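Reader: Could you walk me through this structure, please? I am new to it.

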There are 2 protein chains.
Amino acid sequence: MRERARAQMRTEILDAAREQLAEQGAGGLSLRAVAREVGLVSSAVYRYFDSRDALLTALIVDAYDALGRTVEAAEAQVPRADLLGRWRATAWAVRSWALEQPHLYALVYGSPVPGYAAPQDTIGPATRVTRLLVALLHDILDAGPPQVADVPVTGPAAEGLAPLVEFMGPDVPPDWALRGLMAWTYVFGAVSLELFGQRVGAVVPELRGEVYRWETDRVAAWLGLV
Amino acid sequence: MRERARAQMRTEILDAAREQLAEQGAGGLSLRAVAREVGLVSSAVYRYFDSRDALLTALIVDAYDALGRTVEAAEAQVPRADLLGRWRATAWAVRSWALEQPHLYALVYGSPVPGYAAPQDTIGPATRVTRLLVALLHDILDAGPPQVADVPVTGPAAEGLAPLVEFMGPDVPPDWALRGLMAWTYVFGAVSLELFGQRVGAVVPELRGEVYRWETDRVAAWLGLV
DNA sequence: GCGCTGTCAAGAGCACTGCTCTCGTCGTGG
DNA sequence: CCACGACGAGAGCAGTGCTCTTGACAGCGC
């Protein structure tokens, strides 16, 4: 009954917050302002979110979810056997979503607010895109591991990758965990740096998409894709 | 005369700001609090910095400077002919500095405060590390461009890289501008993602340095270094 | 149908922020 | 020596996150 009203109010607040986030960014998100937006007084918002941080956390969670959903949808449209196509679709979808929702992306992948320890809630949805890449890597390996000239990773670094190996499945050699980590790092690193203005003088803004295509294709080649 | 006093006061404020930044991060940096710290009333600080943003900008500028100085020093200790060593020193110094000064690093390479347009002041010092990599790339090319299996970049992407090519020197082929961009992207991407907590479940914290060594060595190999 | 209980929104209030304005003071250059 | 300009202090404004108290309303058991 009033569960419904409550849930609706909650999403109404979140929508208003998302809107304000898009205009002024995480730092400028004012709980009082979103309260005004939805026609509430500031103290009433605390019935729905314990604090401003809690509101931000909720936004983060569903930003992860939205990104994951979008990328999954894009990747799913490519035939399973087209490994390069799946990689391209994934990489491109990440960047596209980030450019459409820059503030949400920044909220998730940007510098965390210090003193803000990511709650457990956020680590689950965070792995959705990761899972896609893991699946892709599995399929690459199953299709016969490509020739790679590098010396396989051993020693402490291999131990350091243990959690990742376990996540990917114990049959994955540490060397390919490293490759997966690096591919993942490249995609999100490139998107983040572009979005955060670190390529200002270096790449023509309108052509950054084209350059990104080449970058990710080089990574693909390095992964042994086609 | 009182120039001295003014300059000293200015650096005193900056030091206090840096200190507070280290404790509470950019978002929590309070002009009034740094004023208290240096024994001033808040309005007096405005004699030295037009606004909180101006203070942050000053911090950014000398963060760029500090990072550049540190990395340059580390790289300079390696014999010029040891190209791989220079790459390793550079990559490692960036990460080390970032881990020592996480808040300063985040200020510079993290998500920018929206509405905060990086003033011209910041783009000069920003290129110091970049210059190191450019010089290294030149030396790699001079030593005889390594074999690379990739198809050279052409088309719109090559045009997109034009500003970077110009910065590196027109004799540099666009293909190597792309390689340089990607190496740069990898280093700062990896450091940023690690620092911003995106590797939490993936890599054992104490061994992240070891893993980073492998990552950057893979990039080096990809660049044709040894 | 009535009253009770728990949920909700409102409002006042506290301590804090960035920033502006005014007003004394004091050192320095003419 | 004196006037001017830089400087610091203080008050004040509008805004913030968050807490606490007060009043209204809905849903429940009797």
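**Surface near DNA strand D**

Author: In this predicted model, the residues of the surface near DNA strand D, meaning those with a heavy atom within 4 Å of the strand, divide into seven nonpolar, six polar and six charged. Local features need pLDDT of at least 70, side-chain atom pairs count only at pLDDT 80 or more, and totals for chains, interfaces and linings use all residues. Residues are numbered from 1 along each chain as its sequence is written, chains are lettered from A and ligands numbered from 1 in the order in which they are written, and side-chain values use heavy atoms, leaving out hydrogens and water.

Reader: Which residues are closest to DNA strand D?

Author: Of the 19 residues that surround DNA strand D, the closest are A:L31, A:R32, A:R52, B:S43 and B:R47. Sugar and phosphate make up 47% of the strand's atoms that come within 4 Å of the protein.

Reader: And which polar side-chain atoms lie by a phosphate oxygen of DNA strand D?

Author: One belongs to B:R6, at 2.8 Å from a phosphate oxygen, and another to B:Y48, at 3.1 Å. For A:L29, a backbone N or O atom lies 3.4 Å from a phosphate oxygen of the strand.

Reader: Changing topic, what rotation superposes chain A on chain B?

Author: A rotation of 180 degrees, with 0.0 Å of shift along its axis, does so with an RMSD of 0.0 Å, where the fit is by least squares on the C-alpha atoms of residues with pLDDT of at least 70 in both copies. That is the relation of a two-fold axis. In chain A, the C-alpha nearest the axis belongs to A:G189, 1.9 Å away.

Note on methods:
Polar contact = N/O pair within 3.5 Å; in protein donor to acceptor, adjacent residues only side chain to side chain. Nonpolar A, V, L, I, M, F, W, Y, C, P; charged D, E, K, R; others polar.
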